[in-house]
Amino acid sequence: MKFFKSRKFLIIILLLAISLPSLLAQGNRDFMRETGKINVVVGVVLLIFLGIVGYLVRLERKLTKLEHQINDDKNEWTN
């Protein structure tokens with residue numbers, strides 16, 4: 001029973017966290033566009049996203065290389 005209570009609590013917190021920024025920004029919708037700062041925000045978000053994607057691609061390549069290395073070592077021991 002405790003699991004379901006904590007799960008409901010987590011869902012409520014997540015819904016509030018998702019909806020709160022949109023409720024707070026209702027009055028200032030065009031402020032970022034008027035001042036031209038929306039382009040900076042989009043650029044920073046895009047840069048962060050590309051950095052994360054680049055990191056994940058690099059990590060995947062390293063893991064693939066290690067997997068191949070482990071498989072080669074196993075093949076050497078079985079032969």
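In this predicted model, the accessible surface of the protein chain comes to about 8,000 Å², and 68% of that area belongs to carbon and sulfur atoms. Of the 79 residues that make up the protein chain, 0% count as buried, where a residue would need under 20% relative accessible area to be placed in that class.

The secondary structure consists of three helices, with zero strands, and the order of these elements along the sequence is accordingly written as α-α-α. Confidence in the prediction varies along the protein chain: the mean pLDDT is 79, and 68% of the residues reach 70 or more. Helix 1, which covers residues 2–24, has the lowest confidence, with a mean of 67, whereas helix 3 has the highest, at 90.

Helix 3 spans residues 38–78 and includes Ile48. This residue also contributes to a nonpolar surface patch of about 820 Å², in which Ile48 is joined by Val40, Val44, Ile52, Tyr55, Leu56, Leu59, Leu63 and Leu66. Each member of such a patch has over 30% relative accessible area, so the nonpolar side chains of this group, Ile48 among them, belong to residues that lie above the cut-off for burial.

Technical notes:
Residues are numbered from 1 along each chain as its sequence is written. This is a predicted model: local features need pLDDT of at least 70, side-chain atom pairs count only at pLDDT 80 or more; totals for chains, interfaces and linings use all residues. Side-chain values use heavy atoms; hydrogens and water are left out. Patches are made of residues with over 30% relative accessible area and no salt bridge: like charges are joined within 9 Å, nonpolar side chains (Val, Leu, Ile, Met, Phe, Trp, Tyr) within 5 Å. Accessible areas come from the Shrake-Rupley method with a 1.4 Å probe; for residues, only the protein chains shown count as cover. A salt bridge is a side-chain nitrogen of Lys or Arg within 4 Å of a carboxyl oxygen of Asp or Glu. Helices (H or I, at least four residues) and strands (E, at least two) are DSSP runs, numbered from the N terminus. Buried means under 20% relative accessible area, exposed over 50%, partly exposed in between (1.4 Å probe, protein chains only). pLDDT is the predictor's confidence in each residue, from 0 to 100.
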